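Colleague: I would like to learn how to read the side-chain contacts of a model, one feature at a time. Could we take them in turn, with the general idea before the case itself?

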Amino acid sequence: MIRVALAIILLGAALAQEDGPRIKMRFPSAATIAKGTKYANWRVGKDAKKITPVFNPQLIINMGTPPQEFLGCGLDISSGDTWIIDYQANQPNPAPWLYEPRNSSTYKKSSYPYAATVVDVDDNPATLTGTIGDEIFGFSQFRFPMRFGMVENVVPVNGQADIPDVFATGRCGFGFYPSDYIDAFLPKVMAAANASQKTFTTVIHDCMLNKDAEEVLTEMTIGFIDGSYCNLSTTVTVPLVDRNNWNWAITGYQIGNLTSTQRQIAKMDSNELRTGVPQNVYNYIYTATNATMDPSSPWPMVSCDQQFPPLNFNTTNDFFSVHSHYYVFKDFKDDQNPCYLMLYPMDGGGFLPSWSFGYVWMYKKCVTLDYGNRAIGFTDYNSDFCDNL
C-alpha cells in the first residue's frame, strides 16, 4: 500500500501575497525508515521491487530540553488532540526518532490518564493509553509549550493493527476542538510564530529518487500561500457548513453520464487513504470501469488501459474538477501494472457527510483550510519541486 502525496493549504486566497515565516523541511525516504526500524519489508511485501512511503503527512518537530528531533507527528485534521508515542511503547524494535521523556528536563507528567482508539490504513483498531504531559515543542525557529497525550502503551485490538505503519510517532491535531486537558496544536503553532493570520500552509509532494525509493518533500509556511507551488488564480473557496469540522457543501456533481443537483455534505480526512462517495456514485464508477474484486486485493481492480471519468463538482458559488488519478491508483510494483479503485461507498444522508476526501484525493491539489474564517478552498497544483533535491 502506498500513501501518496498531500498538499494542504491552511490559508484564505486573500492572503496569497502576504509574506510570513517560511519553513522548509524534508521527510526521510521509505528506504531510510525501513532500515532505521529494522522492518526491511515494511509495507512493501516480500517480493516488492519498489519501496514507497507509508506515513501520512508528517510534521518534523523537536521536543524537550535539550531538543530531541524525531520524525514528527502526523497531520490530523479530524481531531484537535496531540499525542506522541513514548520511546518504550514500540519495543522490541523502537524507531530511532521516538521521543524519550526521561532525557528531557522540561517534561512534566500529570496525574491525568490518556486513552484513545485509533485505526490503521486497513481499518484495524488499536488502543492507546498513557498520561497527559507538558513539554516544549519546536520546529524551525519556533518553540512553544504544549499539553499532549504521552502514549506509553499501544495495543492492537485482536492483534491486527499495523503499529509500525500508523502509530510510529504520533498525531498533531489540526481540528477545532481538543479533548479534555489537551491543548490544540494549530493555534499554538500560529501563536508561536506570531502570525497575524490564523493560517498554516503545507505543501507535500512525492518525488522519485530512483527506481527503488521515493522521498516526500515538504514546504510549510505560516501566514501566506507560496505561489510557486499553487496556482493562486484557480482558488475556489467554500464556507464550512459545520464550524466544528472541516465539512463543506457540494451543490451538484457530474461524473461521466451521472449527474446530480442535490446538495450533499463533504468532509476532509487526512487520515483516510481512499475517497468516500455516495453509493450510487460508487456503483456507477464500478460498473463503468468494469471493476472486479480479487480475494488477494482489498480494493476493486480495473484495467489501466481505459479512460476514467473526471470528477466535476459544483459548490455554493463556483465549480472545480479533478482528474481520475485522485481515485485510481496504479501499482508500479506489480509487473502486470494493475490499477485499483481507491473508493468506498458511504451514505451520510441529511446533515452527515456523503463524501469523504482523503489525502490521496488531495494529491496535486492544494486544499485550503482557513482556520480563522472557517472556510475551505481548492487550488490547482502549480509545479513539481522534486528537481530541487
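Colleague: Which residue forms a disulfide with Cys-304, and how far apart are their sulfur atoms?

Modeller: Bear in mind that this is a predicted model. A disulfide is assigned here from the distance between two cysteine sulfur atoms, with a cut-off of 2.5 Å. Cys-304 is joined to Cys-339, the two sulfur atoms lying 2.1 Å apart, and the count under this rule is 1 disulfide.

Colleague: What is the handedness of the disulfide between Cys-304 and Cys-339?

Modeller: The torsion about its S-S bond is about 120°, so the disulfide of Cys-304 and Cys-339 is right-handed. It links distant parts of the chain, with Cys-304 in the loop between strand S20 (301–302) and strand S21 (311–314) and Cys-339 in strand S24 (residues 339–341), 35 residues apart.

Colleague: Is Cys-339 buried or exposed?

Modeller: The term buried applies under 20% relative accessible area. Cys-339 has a relative accessibility of 4%, and therefore counts as buried.

Colleague: Turning to the rings, how many aromatic pairs does the structure hold?

Modeller: Ring pairs are read from the distance between centres and the angle between planes, where angles from 30 to 60 degrees count as tilted. The structure holds 21 such pairs, and one of them, Phe-176 with Trp-246, is tilted, at 4.6 Å centre to centre and 35° between the planes. This pair too links distant parts of the chain, 70 residues apart, since Phe-176 belongs to the loop between strand S11 (170–173) and helix H3 (185–192), and Trp-246 to the loop between strand S14 (236–242) and strand S15 (247–250). Both Phe-176 and Trp-246 are buried. Phe-313 and Phe-320 make another tilted pair, with 5.4 Å between centres and 35° between planes, and these two residues are likewise buried.

Colleague: Which residues do ring pairs link into a cluster?

Modeller: The cluster consists of Tyr-99, Tyr-107, Phe-137, Phe-144, Phe-148, Phe-174 and Phe-185.

Colleague: And which residues touch the most other members of the largest nonpolar core?

Modeller: A nonpolar core is built from buried residues joined through side-chain atoms. The largest one has 61 residues, and those touching the most other members are Phe-137, Phe-174, Phe-185, Trp-248, Phe-313, Trp-355 and Ile-376. Strand S10 (residues 142–156) gives this core its largest share, 5 residues. Another core, of 13 residues, lies apart from it and includes Trp-83, Ala-89, Ala-126 and Ile-132.

Notes. Residues are numbered from 1 along each chain as its sequence is written. This is a predicted model: local features need pLDDT of at least 70, side-chain atom pairs count only at pLDDT 80 or more; totals for chains, interfaces and linings use all residues. Side-chain values use heavy atoms; hydrogens and water are left out. A nonpolar core is a set of buried Ala, Val, Leu, Ile, Met, Phe, Trp, Tyr and Cys residues joined through side-chain atoms within 4.5 Å. Buried means under 20% relative accessible area, exposed over 50%, partly exposed in between (1.4 Å probe, protein chains only). Helices (H or I, at least four residues) and strands (E, at least two) are DSSP runs, numbered from the N terminus. Rings of Phe, Tyr and Trp (its six-membered ring) pair if their centres lie within 6.5 Å; planes under 30 degrees apart count as stacked, over 60 as edge-to-face and the rest as tilted.
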